[in-house]
Amino acid sequence: MNDPRPDPVEGAAICSAKGCSAAATWQLHWNNPKLHTPERRKVWLACDDHRQSLSDFLGARQFLKDVVPHVDAG
């Protein structure tokens with residue numbers, strides 16, 4: 001079965017939540033201090049519906065650093 005989500009290189013940015021194919025409207029910047037240097041930021045994308053749950057998941061682990069609006073470069 002084909003993945004219905006667009007190729008991130010060719011299509012719009014999509015939410016990082018499992019099974020979600022909605023367009024991303026937020027960027028969640030995070031890092032795992034056991035693995036990453038303090039200045040390094042990883043990014044998860046989130047739609048409006050999953051912004052809070054993804055933020056809560058990262059926040060509970062003290063990984064979440066910032067949440068900013070996602071601006072599509074295309």
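## A tour from the buried cysteines outward

Select Cys15 first, a residue that is buried, with a relative accessible area of 1%. The model on screen is a predicted one, and every value quoted on this tour was computed from it.

Keep Cys15 in view and add Cys47, which also counts as buried, at 5% relative accessibility. Are these two cysteines joined by a disulfide or left unbonded? The sulfur of Cys47 has its closest cysteine sulfur in Cys15, at 3.8 Å, and this is too far for a bond, since a disulfide is counted when the two sulfur atoms lie within 2.5 Å. The structure accordingly holds zero disulfides, and Cys15 is in none, with the sulfur of Cys47 as its nearest cysteine sulfur, 3.8 Å away.

Next, colour the chain by secondary structure. One helix and three strands make up its secondary structure, and, read from the N terminus, these elements follow the order β-β-α-β. Of the 74 residues in the chain, 28% count as buried, while the chain exposes about 5,400 Å², of which carbon and sulfur atoms supply 52%. If you display contacts with a separation of 6 or more, 46% of them come from residues 24 or more positions apart.

Now select helix 1, residues 51-60, and show its side chains. Which residues of helix 1 are buried? They are Leu54, Ser55 and Leu58. These three cover an arc of only 100 degrees around the axis, so they lie on the same side of helix 1. An α-helix has 3.6 residues a turn, and therefore residues three or four places apart point the same way. Turn the view to see what this buried set meets: the buried residues of helix 1 pack against strand 1, strand 2 (42-46) and strand 3. On the face of helix 1 turned away from its buried side, select Gln52 and Ala60, both of which are exposed.

Move on to the aromatic residues by selecting Trp30, Trp44, Phe57 and Phe63, which ring pairs link into a cluster. The structure holds three aromatic pairs. In one of them, the ring centres of Trp30 and Phe63 are 6.0 Å apart and the planes meet at 20 degrees, so this pair is stacked. The pair joins distant parts of the chain, because Trp30 belongs to strand 1 (residues 26-30) whereas Phe63 lies in the loop between helix 1 and strand 3 (64-69), 33 residues apart. Trp30 and Phe63 are both buried.

Two arginines are worth showing beside aromatic rings. Select Arg61 together with Phe57, a member of the cluster just visited, and you will find Arg61 over the face of Phe57, at 3.6 Å from the ring centre. Then select Arg51 with Trp26, where the charged end of Arg51 sits over the ring of Trp26, 3.9 Å from its centre.

End the tour at Gln62, in the loop between helix 1 and strand 3. What is notable about the phi of Gln62? Although Gln62 is not a glycine, its phi is positive, at about 60 degrees, and this backbone setting comes just after helix 1. Gln62 is exposed, with a relative accessible area of 65%, whereas Phe63, in that loop as well, is buried.

Note on methods:
Residues are numbered from 1 along each chain as its sequence is written. This is a predicted model: local features need pLDDT of at least 70, side-chain atom pairs count only at pLDDT 80 or more; totals for chains, interfaces and linings use all residues. Side-chain values use heavy atoms; hydrogens and water are left out. Rings of Phe, Tyr and Trp (its six-membered ring) pair if their centres lie within 6.5 Å; planes under 30 degrees apart count as stacked, over 60 as edge-to-face and the rest as tilted. Helices (H or I, at least four residues) and strands (E, at least two) are DSSP runs, numbered from the N terminus. Buried means under 20% relative accessible area, exposed over 50%, partly exposed in between (1.4 Å probe, protein chains only). A charge sits over a ring if NZ of Lys or CZ of Arg is within 6 Å of the ring centre and within 35 degrees of the ring normal. Contact means heavy atoms within 4.5 Å. Accessible areas come from the Shrake-Rupley method with a 1.4 Å probe; for residues, only the protein chains shown count as cover. The arc is that of the directions from the helix axis to the C-beta atoms.
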